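Work through the following exercises with the sequence and the structure open beside you, and try each task before reading its solution.

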Protein chains: 4
Amino acid sequence: MTVSVAVAGASGYAGGEVLRLLLGHPEVEIGALTAGSNAGERLGSLQPHLLPLADRVLVDTTVETLAGHDVVFLGLPHGQSAAIARALGEDTVVIDCGADFRLTDPGEWAAFYGGEHAGSWPYGLPELPGQRELLRGARRIAVPGCYPTVSTLAIVPAIAAGLVEPDVTVVAASGTSGAGKAAKPHLLGSEVMGNASAYGVGGTHRHTPEIVQNLSGVHGSPVRVGFTPLLVPMSRGILATVQAPLLDGVTAAGVRDAYAAAYADEPFVHLLPEGQWPQTQSVLGSNAVQVQVAVDERVRRLVAVAVVDNLAKGTAGAAVQCMNLALGLDEATGLSTIGLAP
Amino acid sequence: MTVSVAVAGASGYAGGEVLRLLLGHPEVEIGALTAGSNAGERLGSLQPHLLPLADRVLVDTTVETLAGHDVVFLGLPHGQSAAIARALGEDTVVIDCGADFRLTDPGEWAAFYGGEHAGSWPYGLPELPGQRELLRGARRIAVPGCYPTVSTLAIVPAIAAGLVEPDVTVVAASGTSGAGKAAKPHLLGSEVMGNASAYGVGGTHRHTPEIVQNLSGVHGSPVRVGFTPLLVPMSRGILATVQAPLLDGVTAAGVRDAYAAAYADEPFVHLLPEGQWPQTQSVLGSNAVQVQVAVDERVRRLVAVAVVDNLAKGTAGAAVQCMNLALGLDEATGLSTIGLAP
Amino acid sequence: MTVSVAVAGASGYAGGEVLRLLLGHPEVEIGALTAGSNAGERLGSLQPHLLPLADRVLVDTTVETLAGHDVVFLGLPHGQSAAIARALGEDTVVIDCGADFRLTDPGEWAAFYGGEHAGSWPYGLPELPGQRELLRGARRIAVPGCYPTVSTLAIVPAIAAGLVEPDVTVVAASGTSGAGKAAKPHLLGSEVMGNASAYGVGGTHRHTPEIVQNLSGVHGSPVRVGFTPLLVPMSRGILATVQAPLLDGVTAAGVRDAYAAAYADEPFVHLLPEGQWPQTQSVLGSNAVQVQVAVDERVRRLVAVAVVDNLAKGTAGAAVQCMNLALGLDEATGLSTIGLAP
Amino acid sequence: MTVSVAVAGASGYAGGEVLRLLLGHPEVEIGALTAGSNAGERLGSLQPHLLPLADRVLVDTTVETLAGHDVVFLGLPHGQSAAIARALGEDTVVIDCGADFRLTDPGEWAAFYGGEHAGSWPYGLPELPGQRELLRGARRIAVPGCYPTVSTLAIVPAIAAGLVEPDVTVVAASGTSGAGKAAKPHLLGSEVMGNASAYGVGGTHRHTPEIVQNLSGVHGSPVRVGFTPLLVPMSRGILATVQAPLLDGVTAAGVRDAYAAAYADEPFVHLLPEGQWPQTQSVLGSNAVQVQVAVDERVRRLVAVAVVDNLAKGTAGAAVQCMNLALGLDEATGLSTIGLAP
C-alpha cells in the first residue's frame, strides 16, 4: 500500500513533526506541503532538520492544494479546519491536529474557545477504553491536545477501576514547543531559559474541558478536574503529576495491578517498574508514554506521574497512530517507543 | 557594628551563596572559611564567582577554626551540626542551613531522616505568624528547607484566615542546585538538560514533615500535606503550585484580601497584581518571594503559586535575614528584592 | 551627592539592566522611565524582577520626559539617539548604550550600519590604554558593544606589548539576551534551547569594525580582525576565544607577564591563576571580566579566553562605570565583581 | 542477512546510542550487552529511553560474553580495547568507539595519551578521500573522535582542493554528553546550565593530533592545527568554526564549488544553500553533518562552520555506518539524515 499524504501547516511545529514521522513511515508518499505566510519558501529554510525534504517548496493552504490525497493532516490555528474538511471528499482521511473537533459539548467549546462549535470528530486517543474501535476506518479524526493525552493516560486506569474519587488534580510541566512557533516575547529563549512559570491558572486553560470529557466519559458521570500548566526550560516534553483521593480500602498493590492490567497490551503506554520514575528525556521523539504510580498513605491520595513528548505522542505521533488505524495498518507502523537521550 | 562571621561548608552551594550575600552586607567581616575534603584549596578555584575572596584558603571544619566569631553559618551535611553547635559558646550566633534542628517531633525526624533527633532550634521563617519575635536575639537558628519556605508562604495566609480545608497539595518544580554539589550521575548536565522528572513521589521527601509542621502550627491542628517535588532544567529557583479545597462561601476577593493583608508589611514576600503570574527568573539571586492566587470555581479549590530562589531566600538569604534579626539589625540589611533577569 | 537619572528604553534588556544596577547605586535617584510602544504600562509587568520599581509607569520617550535629569541613559534602537542627545543640554551626561556614536570612521559606519554617520563620542571602555582620562568629566559617552568589550580586553595586552602579529581571530559564543527583547522566531526558546548556531559569519557582524577600531588604535596601525559570533543556549554571558600568531621569541611567561601588568590595577578585569579557565557563570550580573591566556607552541599562537556578562559589563555595567567617571565618583560605585553562580 | 551484534559498555552514552541506532537497523539482532560496574542491572534502569530493551540484563565485559557475535562494538574507556580485540576472532568485526586505535603515530599517542601505543586500525571516516574503500570488508575499525569528525569535514574540501594555507584554527562548541556519563562536579547540571567555558586550551586536547593526522594525510604534508574546545549548555551537538588563510586568487565561488563537488555524492554530509547557517538542533539524533562556508574578504580567510551530533555521526552513527561498510551493506542502512527539532 502506498498512501498519498498532504500536510497543511508544514512550517509549524506540529506539521514539522508529522513530516518527521512520515519520512520514516514505509507506506506513505508525501505530497503537498502547505503553509500560510510561509508559502513559496523552501522547506529547508524553515525545517532544516528535515533534510530529505529540504528542496520541497511550500504552497498555499487551500482546498485545491490539499485535495486528491488519501490522507490530509491539518496543523492549523483553531477555527480554520472546518471549512477545509467540509470541502475535502468524504473518503479522504482528515486528521486535525488542532482543537476544533475535540469537544463534544458546544457549551464547553463556547466557554473556553468562544465562537461557534464546529462539531466533534472521533477522538484520537486509542488508549481510552473502547476508543480504538471508533478510530478503525474513521475518515475524520480529532487529535487530542498534548496535556489531555498525558493527563488522561496518567489517571484513567484508576478512574476506570473505581479506585479514586472523581476529583482529579493535574499539575503539568511542559516544554515550550507546545506554544507553537509564533514569535511572542514571553517565549523568547532569554525569557524561558533558567525560568519556570505558571500560566492559565485557576482552571482557565483550554485543555481543561478536554480532560474532563475524557475522564467523565470513562467514569460515566462528571469528574472534577483542576488543571495547572507550568512552562519549564526545555523545548519538548510534558511531565504530568495527576492526583486523586483514594477510596477506602484501596491499596498500593491494587493500584499497581489496575495500571498493569490497563496497559499490558498497549503498544505505547508503559508502566515503569516500581521505584523508577518517569523523565521526559526518555520519550523525546518517541510515541511512548511512561507512567508510574504511588500511593501517599498519609493523605490517602493516588499520585500518578506520566511523561510524553508533546509534539510526538502528544500531537503528531498520535496523528500518525490514528492514520494507521484509519487505514487498517498496524497501529505502530512508522512509530517508535525509543527516545532520544541524553 | 562589625560582626565577624565564619562559614562552614564554604565550598558548597549553600556556603557559597551565604558568602555572596555577606560580601554585600555592610556590617560583616568575613572570617574563617571551612570545608571538608576541599580544605587547603583556594576559594577562587571552587567558587570562581566570588572574586573578592578568590585568594582565601579553605581550612578544616573544626570547632577551633569556627570558634571566636560572632556568627557561624553551618552549611554541612545533616548530622554534623549538633556537635559543632554544642562546642561553640552560647553567645555565638549559630545558624544552621541544614536540616538537623528544623523538626520538633522526634518521631517525624526518625521517620524521614533516621537516627537520633538532635533537637529543635527557633525556626528561621520570620514570615510565619508570631515567628519573627522568636528570632530576634536568638543564638541558635534552624534555616528552613527550600521547598518548605516557598510552599508554606504560598498557602499560609489561607490557612491562617480559615479559608481552606486543612488538606494541602504541593507540586513544586525545582532547579538542580537544591541537590547540592556532590557529583551524582542523574544530576549531570547531560541528564538534566532538556529533561523534567519527578522524585520523592508519594510523600517520601524529607521536606514533607516540615511543611506539615509549619501549616499545622498555624492551623492549630494537623494539616494534611501531599508533596511532590519535580526536577526541571535550570540551576536555581523553585516554583510551587499549592492547592487546597475552599470552604463554603469563600470568594476570590476574600482570598485576595487575606493574602494582601498577610503580606502587606513583609519586606520580602510580594503578592503580584491580579493577572500576573510568578516566574522564577524574577527572584534569582534575590530574597524575594513572589506569590499569586487564583480560585478555580469549577472545583472550588484555591490555587496559589509562589517562586523563590532556593539558594537565596530558600537557604542563604533566609540565613542572613535571620542573622540580622538575631543581631538586632534591620531585617533587610544586605538583602535585596531585585532579581537577575533575563 | 544625589544624581537624578532617566532611562530611555526602560522596558528592554539594556534598560532593565541599567535600572537593576542603579537600584544598588548609593548616589542615584531614579527619575523618568521611558519606552516606545510600552509607554503607559507598569514597569512591574515588563520587568517583574525589579520589584522596588514595580509600580512606576513608563512614559513616552521624548526630549521633554528626559530633560531635567543630571544623567540620561539611552537604550534605544540605533538611529534614535542623535536627535535626543542634541536636544538635551550640554551639561546633561548622556550615555548611549546603542551603536550610534561608537565608530569614528564614517566609511565603516556606512559599510556596516548604512545611512548617515551621527558622529562619535568618547568610547566607554576605560580599560583601553589612555581611555579612562577621556571619560572623566565627559558629557557624552558611547557604551561599547558587548562583543567588542570582551574581545578587545582579551587581546589588547598582547597588542599593546607587541607580542603578536596584528592578525586577530575572534570566535565568541553568546547568550541570547544580546539579541534583545523583540520577538523573532529564531530566538524562541524552542529554537535556542539544545541548539548552537553561527551567524554573521564572514566578517559581516556590525561589531567587527568596532573591534578593529579598538585594536588598531592601540597598535597604531591597522589590525586585521576576523570575527565569528555564535549563539548558544543561555540567556546571558559571552565567552570569547581570541587568537593571534605569536611573534618570534615571545614566551608563555612573557605573555603572562604582559597580561598581569596590564590588568594589575584594573578594578574589573581579572587574570585568572594559571590552569583555571574562565566560565560565563562566574560573571553573571557582575561587572567583572575574567581572562586567561595560553600559548599553543605547536602553532605558535596566543589563545586568550575572556568572559563577560553581555548585559552587565557588556552594556549596562559599562554604562554605570562610565557615569561614575563622568561624575567624578569612584569608578566602581554601585558595581560588583561578584557573579551569581551556580 | 541477520547480523548478531554485541555492545560493550552498554550503560554509557556511546553504547546507549549504538543501541538506539541498532534498534532501527533491519539486519541486526542485538546480542550481549555488557558493562563494568553496572553489570547485573536491567538496561531499563540505566537507559530508560530504550524501551524495547528495558528488560535486558547487563553482563560483565569479558571476552567470553562478547565472543560469538558477528559484530562487537566497544564503548570502553581508552586502554581497554586492545586486549579484548586480540582475543576475539579475526572474522569478528570489531568497531572501537574509543581512542586506542585512531592515531598512527606512536609519538603523538605518547604525547597526548601516555603509555604504550596499541597500534592503529582503519579509520572510520568514510568521507575522507580514499577512506571508504579501506573500510569495505574491514574487520577492525577505529571510530573517529567527535571533534575530529566535524572539524575535518568542515575544512577538508578546502585542503584537498588546495585553496588554503595549511594553517587551520578550530574553535568547537560542544554539548556535555561528549564528556561521558561519569559523575564529575564540573559536569553537574547546576554547573553547566547557563554557562559556557573553555577547556583544553592551547593545543592540549587529545583530539588535536587526530585532526592533524586527518588533514595532513589529505594535504600530503603537515597541516598546523590549533584547536580550542568549548563546553556549552546543551546535551548533544557540536558546532565547529574552522578557519584558514585563503591562498591568493581563491574566490568565494571557487570555495563553494569545491565544497559542492566534494560532498555532492556523500549521503550524510550536506552543504547548505547560501545564506543558511548550520545549527546543531538540525542534526540531533541523525547521522547528518551540515556545512556552510564563507569567505571573509577583509582578512582573506575561509570560515567554515559544521554541525554534528557528537553521539550520533560523531560516535555511534559513524560506528554503524562503518559496520555497514564492513559487512557490505548499503552504507546508510539504519541511519537517517533527519534531526529531532525543535
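**Exercise 1: the overall form of chain A**

Compare the radius of gyration of chain A with the value expected for a compact globule.

Solution. A compact globule of 342 residues would have a radius of gyration near 20 Å, and chain A, with 19 Å, agrees with this; the radius is taken over C-alpha atoms, and the globule rule is 2.2 Å times the number of residues to the power 0.38. Next, consider the box along the principal axes, which the C-alpha atoms of chain A fill and which is roughly 60 × 45 × 40 Å. Then turn to burial: 66% of the 342 residues of chain A count as buried, where buried means under 20% relative accessible area, exposed over 50%, and partly exposed in between, with a 1.4 Å probe and protein chains only.

Before going on, note that this is a predicted model, in which local features need pLDDT of at least 70 and side-chain atom pairs count only at pLDDT 80 or more, while totals for chains, interfaces and linings use all residues. Residues are numbered from 1 along each chain as its sequence is written, chains are lettered from A and ligands numbered from 1 in the order in which they are written, and side-chain values use heavy atoms, with hydrogens and water left out.

**Exercise 2: two packed helices**

Describe how helix 7 and helix 10 of chain A pack.

Solution. Two packed helices are described by the angle between their axes and the distance between the axes. Helix 7 (residues 146-160) and helix 10 (residues 252-263) of chain A pack at an angle of about 115°, and their axes are 9 Å apart. Helix 7 of chain A is therefore roughly perpendicular to helix 10 of chain A, a term that covers angles of 65 to 115 degrees. Finally, look at the residues that meet (contact means heavy atoms within 4.5 Å): among them are A:L153 and A:I155 in helix 7 and A:Y259 and A:Y263 in helix 10 of chain A. The residues of this contact divide into 10 nonpolar, no polar and no charged.

**Exercise 3: an unusual backbone angle**

Where in chain A is A:R300 found, and what is the sign of its phi?

Solution. Begin with the general rule that most residues other than glycine have a negative phi, and most peptide bonds are trans. A:R300 is found in the loop between strand 12 (289-296) and strand 13 (301-308) of chain A, and its phi is positive, near 50°, although the residue is not glycine. Because its relative accessibility is 22%, A:R300 counts as partly exposed.

Key
Axes fitted to C-alpha atoms, helices over the stretch in contact; angles between N-to-C directions. Helix = DSSP H or I, 4+ residues; strand = E, 2+ residues; numbered from the N terminus. Parallel < 35°, antiparallel > 145°, perpendicular 65-115°, else oblique. Nonpolar A, V, L, I, M, F, W, Y, C, P; charged D, E, K, R; others polar.
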